[in-house]
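Thanks for coming, everyone. Let me put the model up, and then we go through it site by site.

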Amino acid sequence: MAHKNIRLEVMQTIEKDVDSFINQYLIPVEEIWQPTDLLPNFQAENYMEEVTQIREEAKELGYDFWIVLVGDMVTEEALPTYESWLMDMEGIDQHGRNSWSKWIRQWTGEENRHGDTLNKYLYLSGRVNMREVEITTQHLINDGFEVGTGRDPYRNFIYTSFQELATNISHSRVGKIAKKKGNKSLAKMCNLIAGDEMRHHLAYRHFVKTIFDYDASEMMLAFADMMQKKIIMPAQNLRQSGGKMASAFDDFSNAAQRLGVYTTYDYIDILEKLNAHWEISKISNLTDEAEKARDYLLKLPSRMLRIADRIKIPQDANRFKWVEPNGIV
């Protein structure tokens, strides 16, 4: 109970700086890009030319690419789940509308544009079965997600620090593949989305760094606990129509690994980057338990690397209903 009270005090102490974090890491609504800026303007006379261009450029992209893009889009579309989860954290008062709840609402507002953009692009591309994709999205929201954080802000901010960088990497690499295939419009969408994810990563990373200043031992224990559980992707429960919960995630993940969009090595690299930025090795005045947690975190990347070197990624793509009816090979 004492730890819980300290967490609440820390959250309340940092809250006075949250408005400055909003100014630093988020962009005002009137100034930030919107999905329509990147998509055909159906109020313009030449809109069909733009649609035709999207459809033609889309033909150059392969099967695994569409699986990954759909998986990324569905992950973004499940935002109602993530907002409701974060709003339940200790120290968040959505009824009193404190600064923390203001942050989460405005973060959600920015994130919400990502799913809108990719959803419209996929629809216009004509390369995927949108009804099957929509079923997957509804299932993912219905199933919810459990990422091992509970209501603890420390664990939640570890999760978001990690996850936002993972999505930055994924969207950025998808954009590079699209650009290489001559698909400039999709490349631009992915790069702008990746830019948002990086800003969000920097914000959550900042939150954790600040908490380390106030409550280092408990933050260290929370970090180690999250890494022991492993950072579970938001789309962990991904499924297709007629499938069981989480039945599609491994196939989606394998496609991402085959493309080099997001790999086990990226996971390890993110952990190393967080260890370095938070200066885990230099934090002093830790409890004995927190010292052990720190040792675990510092040794973990090399341990994971040894395991990663032995993992073989399946080369055969399992068929997805999202893409199959269009005959893409």
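One definition before we start: helices here are DSSP runs of at least four residues, counted from the N terminus. With that in hand, take Arg 294, which sits in helix H13. Keep in mind that this is a predicted model.

Is Arg 294 buried or exposed? It is buried, because its relative accessible area is 7% and the cut-off for buried is under 20%. Where does the side chain go? It reaches two backbone oxygens. One belongs to Ser 281, at 3.3 Å. The other belongs to Ile 283, at 3.0 Å. Setting aside neighbours within four places in sequence, Arg 294 is in contact with Met 220, Ile 280, Ser 281, Lys 282, Ile 283 and Leu 286.

Met 220 takes us to helix H10, where it is one of the buried residues. H10 runs from 216 to 229. How far apart are its end C-alpha atoms? The answer is 20 Å. At 1.5 Å a residue, its 14 residues should span 20 Å, so the two agree. H10 is mostly covered, with 12 of its 14 residues buried. Among them are Glu 218, Phe 223 and Asp 225. Just after the helix, Lys 230 takes a positive phi of about 80°.

Now the annotated sites. An unreviewed UniProt entry gives a "binding site" covering Glu 76, Glu 111, His 114 and Glu 197. Those residues span 122 residues in sequence, yet no two of their C-alpha atoms are more than 11.2 Å apart, so they gather at one spot. From this set, Glu 76, Glu 111 and Glu 197 are in the lining of the largest cavity.

Start with Glu 76. It belongs to helix H4, residues 63–77. It is buried, at 6% relative accessible area. Leaving out residues up to four places away in sequence, Glu 76 touches Glu 111, His 114, Gly 115, His 171, Ile 193 and Glu 197.

Next, Glu 197. It is found in helix H9, residues 184–214. Its relative accessible area is 1%, and it is buried. With the same sequence neighbours left out, Glu 197 touches Glu 76, Glu 111, His 114, Glu 164, Thr 167, Asn 168 and His 171. Which side chain joins that of Glu 197 in a polar contact of 3.3 Å? That partner is His 114.

There is a second "binding site" annotation, again from an unreviewed entry. UniProt places it on Glu 111, Glu 164, Glu 197 and His 200. These are spread over 90 residues of sequence, but they cluster in space, with a largest C-alpha distance of 10.5 Å. Glu 111, Glu 164 and Glu 197 from this set are in the lining of the largest cavity.

Glu 164 is in helix H8. At 4% relative accessibility, it counts as buried. Its contacts, beyond four places in sequence, are Trp 107, Glu 111, Glu 197, His 200, His 201 and Tyr 204.

His 200 lies in H9. How accessible is it? His 200 is buried, with a relative accessible area of 0%. Neighbours within four places aside, His 200 is in contact with Leu 26, Trp 107, Glu 110, Glu 111 and Glu 164.

On to empty space. How many cavities of 30 Å³ or more does a search of the whole structure find? It finds 1. The largest cavity holds about 240 Å³. Its lining has 18 residues, and those nearest its centre are Tyr 82, Trp 107, Gln 163, Glu 164 and Pro 234. H4, helix H5 (79–87), helix H6 (99–125) and H8 each give two or more residues to that lining. H8 gives the most, with 6 residues.

Last, the largest pocket. About 920 Å³ of space lies in it. It is lined by 39 residues, with Ile 231, Met 233, Ser 253, Tyr 262 and Tyr 267 nearest its centre. At least two lining residues each come from H4, H8, H10, helix H11 (249–259), helix H12 (264–277) and H13. Which helix supplies the largest share of the pocket lining? It is H11, with 7 residues.

That closes the tour. Over to you for discussion.

Terms used: Residues are numbered from 1 along each chain as its sequence is written. This is a predicted model: local features need pLDDT of at least 70, side-chain atom pairs count only at pLDDT 80 or more; totals for chains, interfaces and linings use all residues. Side-chain values use heavy atoms; hydrogens and water are left out. UniProt positions are given in the numbering used here, feature names are shortened, and annotations may be inferred rather than shown by experiment. On a 1 Å grid over the protein atoms alone, a cavity is a set of points where a 1.4 Å probe fits but cannot get out, and a pocket is an open set with protein on both sides within 12 Å along at least five of seven lines; lining residues have an atom within 4 Å of a point. Buried means under 20% relative accessible area, exposed over 50%, partly exposed in between (1.4 Å probe, protein chains only). Contact means heavy atoms within 4.5 Å. A polar contact is a pair of N or O atoms within 3.5 Å; within protein, one must be able to donate a hydrogen and the other to accept it, and residues adjacent in sequence count only if both atoms are side-chain atoms. The expected span of a helix is 1.5 Å times one less than its number of residues. Grid points are joined across faces, edges and corners, and a volume is the space filled by probe spheres set on the points.
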